[in-house]
Amino acid sequence: MWAECDHEPILTQALTSFLPRYLLEQRDVEVNVRDKWDSTPLYYACLCGHEELVLYLLANGARCEANTFDGERCLYGALSDPIRRALRDYKQVTASCRRRDYYDDFLQRLLEQGIHSDVVFVVHGKPFRVHRCVLGARSAYFANMLDTKWKGKSVVVLRHPLINPVAFGALLQYLYTVASKPGTCVKVLTIEPPPADPRLREDMALLADCALPPELRGDLWELPFPCPDGFNSCPDICFRVAGCSFLCHKAFFCGRSDYFRALLDDHFRESEEPVTSGGPPAVTLHGISPDVFTHVLYYVYSDHTELSPEAAYDVLSVADMYLLPGLKRLCGRSLAQVLDEDTVVGVWRVAKLFRLARLEDQCTEYMAKVIEKLVEREDFVEAVKEEAAAVAARQETDSIPLVDDIRFHVASTVQTYSAIEEAQQRLQALEDLLVSIGLDC
């Protein structure tokens, strides 16, 4: 089944979306399984040019180490340059880290595993481990009941005949992920139904609003989701950042970041400070400012944060340290907005340093457009020299990655016969530079 690579639209769509997830997640098929031609799913995805599928397989443990049969074969057979970049870059972020950072997967795990749950609902004998903060943020009914009738209770027993376990489970599925099982009819008469137009990320951002210290509210930007009066988010961890206290939830930080999971659950547990005045345990974070941590906060809860290009540099280094690849990608999108002749080389260096393949590709694409001007700039010349020096035991026939990428984008812009001459001029300017610095190849 893996080996089939039909280019019919319907089958292609199934191959690149539903089918891989079904085989890996439902049928538990080994991601590195081999067929009679000794080929793996990753090889066929690379060969057929399905970039999204390649990224999914890499994130789920597909093997593609350099200098191995599988790695070299996939790299050689890759249909497109973005896929080759993904293959080179995939080892820099572990598969577990990528999976932990996927927002929808995180929320599903949060519901299924009940990590750091603080209340158990027992519906006709069946237990459901849930989180007060999520239920309160997503439903006004739950927020009110958890602060009144169910306040302080670690176990809530529901015996109403119209509230059955299947319906309650479907309701929780909706509250956590805005998706319920097909064919399930939710009929819970004593519970207020979810809104017709749910805004999952906005509701979760409410938790970030509540975690933000009062002294910072209004100083950074106008909060898009103001915290309603009386809402208790039930924090269980306090992060102290440069004198500011952020009241947060372990379930979100441990569930989304391997760094915070190790910090709060594993061998860094001694970082926790004693509980003061009955509040949650506190952990002091060093090397980060409150405004930068605020971006981390909103990303962890809502999978999004508003980033200016100026703030993106500081947030990027912290996102890398906290193992949040999705936040790094948001920083990359912000930096891509400032590309011009003066900044493109610097942004390209940042993209390489933090392994932002998409941003690096955008930089080289922009370089290809202005290459005739870039060859006159010293920062670009130095970048080419450094790239050449990085090629171990470079021979005359070896290529320079930066130069190869620029050549690729110059060639890809040739759509008509009239554009050939312009492309040739760009390539000639690049070749003249290589000759002038002794790197012609």
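This note describes a three-stranded sheet with the helix packed on it, and then a pair of helices, in a predicted model.

1. Basis. Residues are numbered from 1 along each chain as its sequence is written. As the model is predicted, local features need pLDDT of at least 70 and side-chain atom pairs count only at pLDDT 80 or more, while totals for chains, interfaces and linings use all residues; side-chain values use heavy atoms, with hydrogens and water left out.

2. The sheet. Three strands, in the order β2-β1-β3, form an open sheet with mixed pairing. Strands (E, at least two residues) and helices (H or I, at least four) are DSSP runs numbered from the N terminus, and two strands pair if DSSP finds at least two bridges between them. β2 (126-130) and β3 (155-158) are the edge strands, each with a single partner, so one side of each is left without a neighbour in the sheet.

3. Pairing of β1 and β2. Strand β1 (residues 119-123) runs antiparallel to β2 and is joined to it by five bridges. Val123 has Lys126 in β2 as its bridge partner.

4. Helix on the sheet. Helix α11 (residues 165-177) packs on the sheet and touches β1, β2 and β3, contact meaning heavy atoms within 4.5 Å.

5. Helix pair. The axes of α18 (residues 344-353) and α21 (residues 378-390) come within 10 Å and cross at roughly 30 degrees. Axes are lines fitted to C-alpha atoms, for helices over the stretch in contact, and angles run from 0 to 180 degrees between N-to-C directions. Among the residues that meet are Trp348 and Arg349 in α18 and Phe380 and Glu382 in α21.
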